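Dear colleague,

I am passing on the structure below, and I would be glad if you could look through it alongside these notes. What I found in it follows after the structure itself.

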Amino acid sequence: MVNIDTDKRAVDLNCDFGEGYGSYSFGQDTELLPYITSVNIACGFHAGDPHTMHAAVKQALSAGAAIGAHPGLPDRLGFGRREMQVTAAEVYDFVLYQVGALQAFVRALGGEMAHLKPHGALYHMANRDKAVSEAIVKAALAVDERLIIYGQSGSLLLDTAKQYGLPSASEVFADRAYEPDGSLAPRGKQGAVLHDADQAATQAVAMAAKGIAFTPEGAPVNVQADTICLHGDGSRAALFASRIREALIQEGITLRAPGKA
């Protein structure tokens, strides 16, 4: 793996968490916990249910991970990854409902919720639709004005959080290639998804230390990396997480959740 000589800094490693429901479980939650510093817990719409949420919060608190809400669109069949025709008022209610439910579990177990990261289609809609991004930010403000908004680097959601005075964290993806404009390369494009753990680790170091991601062709793209997302639903997710964490530590980069000393 290529070592990148640069200024050192701190970065968060986050993963989506608790995305099972009923008798179904997905991802590698238990295996990922030793490597990450924050989790985004499904709140019941795209995935999750009261029992799964309770167990996920308990696991995260035991591991010392910062807890965030991961609200999505009400689309279990599509796992929240299909866009829906929804109004800003509906988005506000969807987010407030889900974040409030998770907050109840977190507080009941003696913890505090730290952040909010929209899921799937809602995340991407918030990156380009001002009404959607405002609805999400206003719902976060209604719950807790200290909630940190996780949004894609360079996105409208981050700009909206700043406009409303909410703290935010710029998110990047270690296992995805980027387009020259800073957006994620479409999954159907050759080289858009990184399948090699060492390649993902190299990009993670470049993003955290230099603010650089790469296109499928290897060209550099400027990004801001406050938090790196580790997709937890792949068969090799824990391997990717361990390699990425190891590479960051070897570069002298501190791993911590946003807002933590």
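**What was found**

Please bear in mind throughout that this is a predicted model.

I begin with the pocket. The largest pocket has a volume of about 470 Å³, and 24 residues line it, with Arg81, Gly120, His124, Arg187 and His231 lying nearest its centre. By character, the residues of this lining divide into nine nonpolar, seven polar and eight charged. Strand 1 (10-17) and helix 4 (120-126) each supply at least two residues of the lining, and helix 4 gives the most, with four residues.

Next comes the nonpolar interior. The largest nonpolar core holds 72 residues, of which Val39, Leu102, Ile136, Tyr178, Ile228, Ile244 and Leu248 touch the most other members. Helix 7 (residues 197-210) contributes the largest share of this core, namely eight residues. If you would like to look at one of these core residues in detail, Leu248 touches Val11, Leu13, Ala204, Val205, Ala208, Ile228, Ile253 and Leu255, once residues up to four places away in sequence are left out of the count.

Two further buried positions may be worth displaying, and Leu102 appears in the contacts of each. Met53 is placed in helix 2 (residues 50-63) and is buried, with a relative accessible area of 4%. Leaving aside neighbours within four places in sequence, Met53 is in contact with Ala42, Cys43, Gly44, Ala101, Leu102 and Phe105; the C-alpha atoms of Met53 and Ala101 are 9.0 Å apart in space, although these residues are 48 apart in sequence. Gly68, for its part, lies in strand 3 and is likewise buried, with a relative accessible area of 0%. Not counting residues up to four places away in sequence, Gly68 touches Val39, Asn40, Ile41, Leu102, Met113 and His115. Between Gly68 and Val57, which are eleven residues apart along the chain, the C-alpha separation is 9.6 Å.

On backbone geometry, I would draw your attention to Phe79, which has a positive phi of about 55 degrees although it is not a glycine. As a reminder, most residues other than glycine have a negative phi. Phe79 is found in the loop between strand 3 (66-70) and helix 3 (88-108), and at 19% relative accessibility Phe79 counts as buried, because the cut-off for that class is under 20%.

Finally, there are the cysteines. How many disulfides does the structure hold? The structure holds zero disulfides. The sulfur of Cys15 has its closest cysteine sulfur in Cys229, at 7.8 Å, which is too far for a bond, because a disulfide requires a pair of cysteine sulfur atoms within 2.5 Å. Cys229 is likewise in no disulfide, with the sulfur of Cys15 as its nearest cysteine sulfur. As for their surroundings, Cys15 is buried, with a relative accessible area of 0%, and Cys229 also counts as buried, at 1% relative accessibility.

With best wishes

Definitions and conventions
Residues are numbered from 1 along each chain as its sequence is written. This is a predicted model: local features need pLDDT of at least 70, side-chain atom pairs count only at pLDDT 80 or more; totals for chains, interfaces and linings use all residues. Side-chain values use heavy atoms; hydrogens and water are left out. Buried means under 20% relative accessible area, exposed over 50%, partly exposed in between (1.4 Å probe, protein chains only). On a 1 Å grid over the protein atoms alone, a cavity is a set of points where a 1.4 Å probe fits but cannot get out, and a pocket is an open set with protein on both sides within 12 Å along at least five of seven lines; lining residues have an atom within 4 Å of a point. Grid points are joined across faces, edges and corners, and a volume is the space filled by probe spheres set on the points. Ala, Val, Leu, Ile, Met, Phe, Trp, Tyr, Cys and Pro count as nonpolar, Asp, Glu, Lys and Arg as charged, and the others, Gly among them, as polar. A nonpolar core is a set of buried Ala, Val, Leu, Ile, Met, Phe, Trp, Tyr and Cys residues joined through side-chain atoms within 4.5 Å. Contact means heavy atoms within 4.5 Å.
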